[in-house]
Amino acid sequence: MASKAINWKSPVPYLVIVFGGAAAVAIGVYGDRAGGGGSGSRRAKPARVAQDGYSYPVPKGYSVATGELQEKVRATGGTAVFADRRIGGPQAFRGSVAVVPVRLDPVLGEAQLEVMAQPEKLCAEMRRRLPTTQNPRVVKLPSGAACQTSGQAPDHPFRMFIMTTLKHPRKPLAWVVTCNQDSRDPGAARACHRVLDGWRFE
């Protein structure tokens, strides 16, 4: 059955809504600059985080949270790792990497996946719809090409984010990987590269 086309002439295409929504969830839920893993949570130290369709390495100096924050992560259907400490002073933003599944529209799902499987097309559309400061571009990762954007969060002077869309090559699954970091923390940038470079489609 032929897939329904996405109306890219609409004010805000559904694909961009989904992408932006996932990013907002990632930044809002996992961007804890005060407490990291949260009160009373313990930190496990697995070598990799594994979920249906993917796995990625836990970067050095990062942990998977448990307790209340873990429940918030699970509620989104995603996964996340957090820096063990803040770099840059008491008001520094604690680094994290969040993976949130893209929720597909039941009607346009197939068309959405077709676009996500074409990073050049996805980035071209995002260049038309997103602020130019977010610089959508195609990046080459060991797992394949992907569309990536980055920028500064509006609520914190040093809070930066990098968002990468990853489409499974064999399954109808896609995710937004959001790296949240303080611009004064070089380890956060290394952690982001570690997750993306070590990403595996399962």
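Is Gln148 buried or exposed, and what is its relative accessible area? In this predicted model, Gln148 is buried, with a relative accessible area of 9%. A value under 20% counts as buried, so the 9% of Gln148 falls in that class.

**Strands β8, β9 and β10**

Gln148 is a residue of strand β8. Its side chain makes a polar contact of 2.9 Å with the side chain of Thr164. Strand β8 covers residues 144-152 and includes Gly144. Gly144 is partly exposed, at a relative accessible area of 27%. Between the C-alpha atoms of Gly144 and Arg200 the distance is 9.9 Å, while 56 residues separate the two in sequence.

Strand β9 spans residues 159-167, and 8 of its 9 residues are buried, which leaves the strand mostly covered. β8 and β9 run antiparallel and are joined by 6 bridges. Gly151 has Phe161 in β9 as its bridge partner. The two strands, β8 and β9, make a hairpin with 6 residues between them.

β9 also pairs with strand β10 (residues 174-182), again in the antiparallel sense. Here the pairing runs over 9 bridges, and Met160 stands opposite Gln181 of β10. A hairpin of 6 connecting residues joins β9 to β10.

**Strands β4, β5 and β6**

Strand β5 consists of residues 79-83, and 5 of the 5 are buried, so the strand is largely enclosed by the rest of the structure. β5 pairs with strand β4 (residues 62-65) in the antiparallel sense over 2 bridges. It pairs with strand β6 (residues 96-101) over 4 bridges, also antiparallel. Phe82 of β5 takes part on both sides: Ser63 stands opposite Phe82, and Phe82 stands opposite Ser96 in β6.

**The sheet β2-β3-β11**

Three strands form an open sheet with antiparallel pairing, in the order β2-β3-β11. β2 (48-51) and β11 are the edge strands; each has a single partner, so one side of each is left without a neighbour in the sheet. β2 and β3 pair over 4 bridges, and Val49 stands opposite Tyr56 in β3.

The strand pairings for which bridges are given above are listed here.

| Strands | Sense | Bridges |
|---|---|---|
| β2 and β3 | antiparallel | 4 bridges |
| β4 and β5 | antiparallel | 2 bridges |
| β5 and β6 | antiparallel | 4 bridges |
| β8 and β9 | antiparallel | 6 bridges |
| β9 and β10 | antiparallel | 9 bridges |

**Aromatic pairs**

A pair of aromatic rings is described by the distance of the centres and the angle of the planes. The model has 7 aromatic pairs. One of them is formed by Tyr54 and Trp199, whose ring centres lie 4.7 Å apart with the planes at 10°, so the pair is stacked. This pair links distant parts of the chain: Tyr54 belongs to strand β3 (residues 54-57), and Trp199, 145 residues away, to the loop between α5 (186-197) and β11 (200-201). Both Tyr54 and Trp199 are buried. The two residues are also members of one aromatic cluster, which is formed by Tyr54, Tyr56, Trp175, Trp199 and Phe201.

A ring is also involved in a contact with a charged residue: Arg184 lies over the face of Phe158, at 3.7 Å from the ring centre.

**Helix α5**

How many residues does α5 have, and what span should they give? The helix has 12 residues, which at 1.5 Å a residue should span 16 Å; the end C-alpha atoms are 17 Å apart, which agrees. The span is reckoned with one less than the number of residues.

At the N-terminal end, α5 is capped by Asp185, with a side-chain oxygen 3.1 Å from the backbone nitrogen of Gly187. The buried residues of α5 include Ala188, Ala191, Cys192, Val195 and Leu196. Seen down the helix axis, the buried residues of α5 fall within an arc of 130°, so they line one face of the helix. The face turned away from this buried side carries Arg190 and His193, which are exposed.

Methods. Residues are numbered from 1 along each chain as its sequence is written. This is a predicted model: local features need pLDDT of at least 70, side-chain atom pairs count only at pLDDT 80 or more; totals for chains, interfaces and linings use all residues. Side-chain values use heavy atoms; hydrogens and water are left out. Rings of Phe, Tyr and Trp (its six-membered ring) pair if their centres lie within 6.5 Å; planes under 30 degrees apart count as stacked, over 60 as edge-to-face and the rest as tilted. Buried means under 20% relative accessible area, exposed over 50%, partly exposed in between (1.4 Å probe, protein chains only). A charge sits over a ring if NZ of Lys or CZ of Arg is within 6 Å of the ring centre and within 35 degrees of the ring normal. The arc is that of the directions from the helix axis to the C-beta atoms. A polar contact is a pair of N or O atoms within 3.5 Å; within protein, one must be able to donate a hydrogen and the other to accept it, and residues adjacent in sequence count only if both atoms are side-chain atoms. Two strands pair if DSSP finds at least two bridges between them.
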